[in-house]
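Me: I am new to this structure and would like to learn how to read its features one at a time. Could we begin with the charges and then move on to the sheets?

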Amino acid sequence: MNGKVYLVGAGPGDYGLITLKGLNTIEIADVLVYDRLINENLIYRTPKHCEKIYVGKQAANHALPQDQINELLYQKAAEGKIVVRLKGGDPYVFGRGGEEGIYLVERGIPVEVVPGITSSIAGPCYGGIPVTHRDWASSFHVFTGNFKDEIRGLNFPNLAELEGTLIFLMGFGNLDYITNGLMQAGKDKTTPVAVISKATTHQQKTAVGTLETIEQICKDEKMVPPAITLVGDVVKCREYLNFFEQQRREGVLILRDARQSDVFAKMLMQNNFEPVVCPVIQIEKRELSSELQSAFEHLKDYSWTVFTSPNGVKSFFELFLDNDGDMRMLGHMKFATIGKATAEVLKKWGFKADFIPQKQVSNALADGLCELLGSNDRILLPRSAIANNDMVDIITKRCPVDDIKIYDTRIKTENESELRSLLNTGEVKYIPFTSASTVDGFVKAIHNDLTGLENVKTVAIGPITKKRMLDLGITPDLEATDHSLEGIIKVLGGKNVD
Ligand code: SAH
């Protein structure tokens with residue numbers, strides 16, 4: 001049976017500028033084929049099993065030729081897979097979406113297209129420039145600035161006649177050709193021009209000048225592609241409407257598992273920070289072990305189940321329900337959680353935490369719990385395979401504990417170059433470490449070379465994480481007093497946390 005290909009516009013760069021429909025397709029993709037300039041956060045929205053194939057251009061690594069991309073889409077769909085072809089901006093605006101669609105339809109593959117917000121309009125918008133305005137431009141025209149040859153080059157006499165805004169994509173390398181061409185065709189040399197680089201991303205930069213001056217200004221300001229060049233009087237609006245660059249937000253790096261970045265990312269955005277996702281760990285639920293199976297069979301013997309992380313809760317209940325569990329079997333159970341975030345997740349599974357310690361650290365959980373326990377109690381402690389024994393040592397003095405490893409924390413080392421660039425470009429101002437394993441993952445991913453860390457401020461969520469940071473050579477600049485994500489936001493100076 002044939003699968004299907006969705007040609008999806010990812011928007012111009014800002015994570016929030018994809019359509020809901022586009023996001024829905026990513027969440028059901030078996031295969032994601034994506035270009036450069038796609039926001040990383042979108043790639044992490046794919047399901048766990050999804051195969052992610054990068055076909056864009058990167059410095060040393062050339063793009064897959066178009067015919068091979070077409071064939072790849074065809075092959076994957078012919079295998080019965082749901083393929084999402086994620087493209088920057090809109091798939092039909094200089095995006096070769098049309099070519100890919102026709103190739104597939106000719107071969108009997110069902111195709112659906114989800115439009116995207118094109119950089120040709122959103123870029124100027126984030127640069128403070130409306131592409132039309134009743135006083136200055138009643139139309140806008142989008143060109144590729146990529147052709148220079150006689151047959152396909154721009155028809156400057158025609159362009160110079162237009163009263164509307166002129167927008168050039170792929171034209172950054174040909175800026176002199178465009179500006180000279182327009183001036184030679186009679187366009188006033190004082191016509192305002194804006195060049196917007198890396199539009200709608202955290203690195204957006206805009207240069208403003210005129211047809212005569214913009215090329216030199218771009219050189220002076222070290223502008224880099226990808227960039228949009230816009231010619232027209234509407235540039236004057238930037239003086240009033242430059243909301244994005246004026247309210248630039250400080251970048252905060254999220255290192256935790258990609259599937260768990262969402263909550264933190266939303267909290268950061270609400271507090272006027274820019275979340276930048278680059279995971280260094282991945283949480284993997286284990287298969288049902290004989291110890292866990294036996295615990296499920298003897299749930300009546302346990303009086304408390306203790307969770308030390310949201311992952312523990314999620315993995316526990318998933319394994320329980322996948323293996324014939326029924327929530328009524330937990331009716332007698334009391335629950336303790338290390339903190340509010342874990343209790344929140346527990347609540348989603350229908351249970352209220354009976355005990356949460358004041359201080360969100362494992363020793364406080366163990367000590368507080370001991371005060372509530374008698375020797376007849378028995379504790380079920382489903383948790384991470386890398387947890388240490390401190391808690392167990394404390395609780396065993398009171399009553400038996402079954403410490404069952406239910407998930408692994410895998411270190412991801414493939415993001416080294418991304419992390420290096422984040423450390424050096426100023427895109428990230430803060431790196432909060434939310435667990436000791438994110439410290440391990442980070443240091444491993446950058447091969448113990450901490451160069452560049454002096455450009456950012458590091459934050460420890462609590463004492464255990466702080467200790468691991470110090471052990472690995474990172475002195476935290478800040479430490480949360482409340483050992484939670486809220487605590488991190490507070491120490492960063494977030495506004496909306498009480
Ligand atoms: N389909 C895309 C355009 C693809 S052509 C869209 O609708 O936006 C690629 C060109 O788009 C780049 O050379 C650049 O001119 C422009 N572009 C895309 N994203 C951009 C961004 N975030 N900032 C500036 N220019 C961008």
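Me: How many positive and negative side chains does the protein have, and how far apart do the centres of the two sets lie?

Reply: For such a count, Lys and Arg are positive and Asp and Glu negative, while His and the chain ends are not counted; each charge is placed at NZ of Lys, CZ of Arg, CG of Asp or CD of Glu. Here there are 56 positive and 64 negative side chains, and the centres of the two sets lie 2 Å apart. Please bear in mind that this is a predicted model, in which local features need pLDDT of at least 70 and side-chain atom pairs count only at pLDDT 80 or more, while totals for chains, interfaces and linings use all residues. Residues are numbered from 1 along each chain as its sequence is written, and side-chain values use heavy atoms, with hydrogens and water left out.

Me: What percentage of the residues is buried?

Reply: A residue is buried under 20% relative accessible area, exposed over 50% and partly exposed in between, with a 1.4 Å probe and protein chains only. Of the 498 residues in the protein, 50% are buried.

Me: How many helices and strands are there?

Reply: Both are DSSP runs numbered from the N terminus, helices being H or I over at least four residues and strands E over at least two. The protein has 20 helices and 20 strands.

Me: In what order do the strands of the sheet with β13 stand?

Reply: Two strands pair if DSSP finds at least two bridges between them. In this open sheet of five strands the order is β13-β17-β16-β14-β15, with mixed pairing. The edge strands, β13 (281–285) and β15 (334–337), each pair on one side only. Strand β14 (residues 304–307) runs parallel to β15 and is joined to it by four bridges, and T305 has F335 of β15 as its bridge partner.

Me: Which strands does helix α15 lie across?

Reply: Contact means heavy atoms within 4.5 Å, and angles run from 0 to 180 degrees between N-to-C directions, along axes fitted to C-alpha atoms, for helices over the stretch in contact. Helix α15 (residues 362–372) lies across β14, β15 and β16 (379–384), at about 165° to β14, whereas helix α18 (residues 436–445) lies across β13 and β17 (401–411), at about 25° to β17.

Me: Why is one side of β6 and of β9 left without a neighbour in the sheet?

Reply: Another five strands form an open, mixed sheet in the order β6-β7-β10-β8-β9. Because β6 (140–144) and β9 (205–210) stand at its edges with a single partner strand each, one side of each has no neighbour in the sheet.
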